[in-house]
Amino acid sequence: MTLIDNSLRNDILNCLKKRNKIENEAYFQLIKSHTKLSELNNSLKQEINELKLANQRLTQENIELHKNPGAVISSTTLPPEKSRQLEEQLFKAKDEVIDLQKRLVDVSQQVISLNKTLKDKDDELSSKEVKIVDLENRCELLKTLNKELDNKMAAYEEQIRLWKDEKVESEIQYNCLLQKYDKIKEEYQQILTASLRFREEQIEKVNRLNELEAERIQMKLKEELLKAQTDYTHINLNESPMASGHANHNVKLFPYNIPLVNKAIYKFDCNEGEVNAVKYHKSGRYFATGGGDRKIKLWELKDGKAEHMGSLIGSNASIASIDIDSENNLIAGTSFDFACRLWSLNDHRLRMASGDQQPTHTLTGHTNKVLSGKFLGVMKVVTGSYDRTLKVWDLMQKACIKTLFAGSSCNDLVTMDSQSIISGHLDKKIRFWDIRMDPPQTEISLQGKITSLDVSSNRNYLLASIRDVNCLKMIDIRMNQVTETYCCEEYKPGFDWSRAIFSPDIDQQFVCAGSADGSVIIWNSISTKVEKVLKEHNASVISLAWHPQGTNLVTCDSKKKAIVWAYQ
């Protein structure tokens with residue numbers, strides 16, 4: 001037995017002795033009084049018995065005296081005074097007997113009450129003894145638990161020692177990693193500085209090439225004008241100027257590079273419910289629409305009508321955006337079911353790798369609806385979601401290779417090259433990303449939440465639709481500055497993902513967007529004036545797409561209608 005067990009046993013024994021002493025002192029006087037009363041009771045009983053005997057003898061003598069007084073008197077030799085004294089003693093003895101009987105009754109009552117009290121105390125003492133036994137058992141149990149706790153404490157102390165050793169080792173590793181991090185951070189800053197310098201040089205080269213291209217066009221125009229001034233072979237001298245003017249009166253001249261659409265040539269129901277996305281194939285042979293019926297439908301324009309070519313199925317919720325990769329013949333569709341899917345344009349089926357039994361290019365990983373998805377370089381896709389992240393997917397690995405944390409829900413995004421992404425968010429910011437680095441390189445804050453983004457054909461300008469202030473902003477990507485603002489009374493985006501687009505010509509001469517009242521507004525990108533307001537829709541216009549050659553415009557609304565516009 002250990003020293004701790006002996007000490008605990010002595011403490012318990014001392015506590016029991018102390019408690020026994022306290023309880024005995026409480027009942028000591030009571031027990032002493034009970035003993036005295038018992039002794040007095042016994043003595044009184046003995047006296048009563050003696051008095052009863054004397055009383056019986058005297059009573060017998062008195063009876064005999066009453067029956068035969070003469071004989072008694074003659075036989076007795078007691079004098080009258082002695083007899084009188086005896087009678088007085090008899091009466092006195094009777095009184096004493098009565099008093100003693102009364103005292104006996106009182107003492108009996110006291111004895112009964114004391115017996116009852118003693119019994120209660122005995123019961124209480126028995127319960128105390130039971131409690132003592134329980135406490136002793138509990139004490140033994142506590143000893144056992146104490147021993148187990150001592151063993152656990154020893155094990156914990158050993159584990160704490162190991163943890164301390166691991167902590168020291170972790171601190172050493174942390175210091176080494178911190179040094180590596182500082183070194184990598186310096187290298188990153190150097191690379192970032194070099195990258196910015198390289199980007200500035202590239203921007204200067206692009207600007208120089210644009211200037212040279214503009215000079216070449218001006219020289220070509222001057223040569224054509226000079227040639228037109230010297231070439232008179234096409235002029236008929238027999239015609240008067242008035243006749244010539246009359247002959248050219250019906251010639252239609254376009255003041256722009258592409259014709260400005262002005263008339264709806266075909267209306268049709270393309271999807272059930274809202275139509276959130278429309279996209280032309282790069283060749284212009286057909287376009288795709290997607291919406292609330294969870295399908296992407298392919299359409300071909302023939303003789304002014306849209307003919308249905310096929311449907312791409314597999315989504316579990318509304319289609320939010322569409323992008324077409326002409327090189328790999330793929331079409332990507334993001335959905336409100338937190339996923340992005342890829343279909344093959346050859347067989348209109350979900351893309352599958354060789355040997356797979358299930359579609360392998362269903363990109364899942366977001367935790368909220370995915371509103372935008374674009375192809376990024378070769379066999380890569382980037383998606384933006386309401387879960388405040390952007391994800392980069394490698395279609396060869398069939399996995400997410402990069403997650404960019406934006407901190408705000410993404411409504412739309414565009415890709416510049418295989419590394420650069422621009423995203424628009426609900427927190428009123430446009431973020432510029434390089435997928436080789438986590439934080440965005442730059443940010444632009446605007447007056448409202450961004451509903452859509454579109455990049456010009458020359459990759460120099462970005463068009464952003466802003467819902468809260470009901471306007472469009474054109475941003476020079478080379479300087480990250482807003483250069484133009486487009487607004488009018490009719491324009492009011494109906495959804496957080498309502499789209500706005502540039503015209504496809506090299507000079508991006510038009511910008512176009514749909515409004516909540518069904519209007520389609522076309523602005524001149526240079527003068528910022530409204531060129532045309534097209535009104536044929538009866539519901540909010542969400543998505544639109546220009547033909548790659550600019551020959552027509554397709555607009556879609558929230559009530560399954562699509563309209564093809566052209567110049568007539």
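Buried here means under 20% relative accessible area, with a 1.4 Å probe and protein chains only. With that cut-off in hand, take a look at strand β8, residues 339-344, in this predicted model. The strand is mostly covered, and six of its six residues count as buried. Pairing is the other half of the story: β8 pairs in the antiparallel sense with β7 over five bridges, and it also has bridges to β10 and β9.

**Which way the side chains go**
- Ala339, Arg341 and Trp343 point one way from β8.
- Cys340, Leu342 and Ser344 point the other way, and they are buried just as Ala339, Arg341 and Trp343 are.

**The β7 side**
- Strand β7 covers residues 330-335, and its pairing with β8 is antiparallel, with five bridges.
- If you want a spot to look at, Gly333 sits opposite Arg341 of β8.
- The hairpin of β7 and β8 has three residues between the strands, and Phe338 takes a positive phi near 70° there.

**The β10 contact**
- Strand β10 is residues 362-364, and three bridges join it to β8, with the two running antiparallel.
- Here Cys340 stands opposite Leu363 in β10.

**The β9 side**
- Strand β9 is just residues 349-350, and it pairs with β8 in the antiparallel sense over two bridges.
- Trp343 has Leu350 of β9 as its bridge partner.
- Four residues lie between the strands in the hairpin of β8 and β9, where His348 takes a positive phi near 60°.

How values were computed
Residues numbered from 1 in each chain as written. Predicted model: local features only at pLDDT ≥ 70, side-chain atom pairs only at ≥ 80, totals over all residues. Heavy atoms only, no water. Buried < 20%, exposed > 50% of the residue type's maximum accessible area, 1.4 Å probe, protein only. Pairing = 2+ DSSP bridges.
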